[in-house]
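Reader: Could you walk me through this one slowly? I am new to it and would like to ask things as we go.

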Amino acid sequence: MAHSICILGGGFGGLYTALALSKLNWENEQPEIVLVDQRDRFIFAPLLYELVTGELQTWEIAPPYEELLTNTGIRFHQSGVSNIDLSAKQVTLSNNTKISYDRIVLALGGETPMDMAPGVAEHAIPFRDLADAYRLKDRLRQREEANPDKIRVAVVGGGYSGVEIACKVAERLGDRGRIRIVERAENILQNSAEFNQKAAQKALSDKNVWIDYETTVTAVSADSISLNYKDKTETLPVDIVLWTVGNKVSPALDALDLPRNAKRQFTITPTLQVTEHPDILPSAISQTALMLRAKQCRLPPSQPCSKLTTPLGIFGLA
Ligand SMILES: Cc1cc2nc3c(=O)[nH]c(=O)nc-3n(C[C@H](O)[C@H](O)[C@H](O)COP(=O)(O)OP(=O)(O)OC[C@H]3O[C@@H](n4cnc5c(N)ncnc54)[C@H](O)[C@@H]3O)c2cc1C
């Protein structure tokens, strides 16, 4: 009987894992590859910003899975995931379909936490998804049509997403925009090289985007944002708040009883499988695993190539 590989999440990790698996030269029988995603289309997230300026259209950055998976043999289910039973090796989807597997890839990605300050969930817009981009576009259009003197946008978070969306909103609004980035740290793009930080600062300054450093958002309302700087809180009027801060794992994965480190990340073996659970490959790790062809893998010295098996081995099917 053919083995079955179930891949939960059709983002960068899950989709590319599925496609790479479907192209492998299987020595035995080709396994059944099942891909599950709650959406009907893949989203090329790095181009999501261009939807806001109208430089790109939805079809250019979000092709339907149906098209992407044509002639690949990959079976697609559009559904959420309601339960993963590790001992029975069975996934229950939100539409009640049950999928049994021999190997499972956990690639459900992350979510933006919207509970980091009062009012964020109700009034701020995250920026991860097509729906978020449409919501932002719609709010910008409404404000543009209302034709106020200035359209005030606060972007919370000075990471890559915050910087990039601030630039795009500034481009769209031109002189009508009054855009600020609120960043808790002393610098934007904290984990990047100084060269990148300087380039981002210049791009933001050229577009008249203001940056509040060492500032924390304490509350958001329908028309204001409260900012704390050096123990003083000030409430400013605002039209749109974008929330680009934080990342939390999908609740479906959080519930799993698997070995974890102090940061609640799954612990893995040198062959990139969850410790004591060789049938489970977590998230982005799966991308890496599949890029490693047995004889052409490229790894940092800390991870000797000899310790890795082939993709077929990792999937227990060689
Ligand atoms: C706006 C934006 C721009 C970015 N730009 C860059 C960039 O330029 N360069 C870069 O390296 N990275 C960039 N990133 C980060 C990059 O997109 C992520 O690192 C990458 O998507 C992570 O891949 P993943 O497969 O783990 O998760 P994702 O790509 O997020 O995929 C997760 C998938 O799981 C699905 N899913 C989630 N929960 C469920 C559920 N319960 N049931 C069913 N399906 C579910 C989702 O619909 C999604 O399709 C950007 C991210 C964003 C939001």
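**A chat about the structure**

Author: Gladly, and keep in mind that this is a predicted model. A place to begin is an open sheet of 3 strands, in the order E13-E14-E15, with antiparallel pairing.

Reader: Which strands of that sheet stand at the edges?

Author: Those are strand E13, residues 215-220, and strand E15, residues 232-237; each has a single partner strand, so one side of each is left without a neighbour in the sheet. On average, neighbouring strands of this sheet are turned by 30° against each other, with direction ignored.

Reader: How many bridges join E13 to E14?

Author: There are 5 bridges between E13 and strand E14, residues 224-229, and the two run antiparallel. Among the pairs, Val 220 has Ile 225 in E14 as its bridge partner, and Thr 215 has Tyr 229 in E14. The connection from E13 to E14 is a hairpin through 3 residues.

Reader: OK, and the other sheet, the one with E9 in it: in what order do its strands come?

Author: That open sheet has 5 strands in the order E9-E16-E10-E11-E12, and its pairing is parallel. Its edge strands are strand E9, residues 124-126, and strand E12, residues 210-212, each of which pairs on one side only. From one strand to the next, the twist averages 25°.

Reader: What joins E11 to E12 there?

Author: E11 and E12 run parallel and are joined by 3 bridges, and Arg 180 stands opposite Trp 210 in E12. Helix H6 also packs on this sheet, where it touches E9, E10 and E16, and its direction makes about 140° with that of E9.

Reader: Let me switch to helices. How many residues does H7 have, and how far does it reach?

Author: Helix H7 covers residues 160-173, which is 14 residues, and it reaches 20 Å from its first C-alpha to its last, close to the 20 Å expected at 1.5 Å a residue.

Reader: Is H7 mostly open, or largely enclosed?

Author: In H7, 10 of the 14 residues are buried, so the helix is largely enclosed by the rest of the structure. Ser 161, Gly 162, Val 163, Ile 165 and Ala 166 are among the buried residues, as are Cys 167, Val 169, Ala 170, Arg 172 and Leu 173.

Reader: And what do those buried residues pack against?

Author: Three of the partners of the buried H7 residues are helices, namely H2 (49-53), H6 (130-146) and H8 (194-206). The buried residues of H7 also pack against strands E10 (151-156), E11 (177-182) and E16 (240-243).

Reader: Why does Leu 173 count as buried?

Author: Leu 173, which has its place in helix H7, is buried because 20 other C-beta atoms lie within 10 Å, and the cut-off for a buried residue is 20 or more. Leu 173 and Leu 140 are 33 residues apart in sequence, yet their C-alpha atoms are 8.5 Å apart in space.

Reader: What follows H7 along the chain?

Author: H7 is followed by Gly 174, whose phi is positive, near 55°.

Reader: Which residues that are not glycine have a positive phi?

Author: Two that I can point to are Asn 96, with a positive phi of about 75°, and Asn 208, with a positive phi of about 60°. Asn 96 is found in the loop between strand E5 (90-93) and strand E6 (98-100), whereas Asn 208 lies in the loop between H8 and E12.

Reader: How exposed are those two?

Author: Asn 96 is exposed, with 8 other C-beta atoms within 10 Å, while Asn 208 is partly exposed, with 13 other C-beta atoms within 10 Å.

Reader: Now the ligand: which residues come nearest?

Author: Of the 25 residues around the ligand, Gly 9, Gly 11, Gly 13, Pro 46 and Gly 109 come nearest. The elements that give two or more residues to this shell are helix H1 (12-23), strand E2 (32-37) and helix H10 (283-291), and H1 gives the largest share, 3 residues. The shell divides into 11 nonpolar, 11 polar and 3 charged residues.

Reader: Last one: what does the protein chain look like overall?

Author: Its secondary structure comes to 11 helices and 18 strands, and 36% of its 318 residues count as buried. Among contacts in the protein chain with a separation of 6 or more, 64% are between residues 24 or more positions apart.

How values were computed: Residues are numbered from 1 along each chain as its sequence is written. This is a predicted model: local features need pLDDT of at least 70, side-chain atom pairs count only at pLDDT 80 or more; totals for chains, interfaces and linings use all residues. Two strands pair if DSSP finds at least two bridges between them. Helices (H or I, at least four residues) and strands (E, at least two) are DSSP runs, numbered from the N terminus. Axes are lines fitted to C-alpha atoms, for helices over the stretch in contact, and angles run from 0 to 180 degrees between N-to-C directions. The expected span of a helix is 1.5 Å times one less than its number of residues. A residue is buried if 20 or more other C-beta atoms lie within 10 Å of its own, exposed if 12 or fewer, and partly exposed in between; C-beta atoms are placed from the backbone. Two residues are in contact if their C-beta atoms, placed from the backbone, lie within 7 Å. A residue is near a molecule or strand if its C-beta atom, placed from the backbone, lies within 6 Å of it. Ala, Val, Leu, Ile, Met, Phe, Trp, Tyr, Cys and Pro count as nonpolar, Asp, Glu, Lys and Arg as charged, and the others, Gly among them, as polar.
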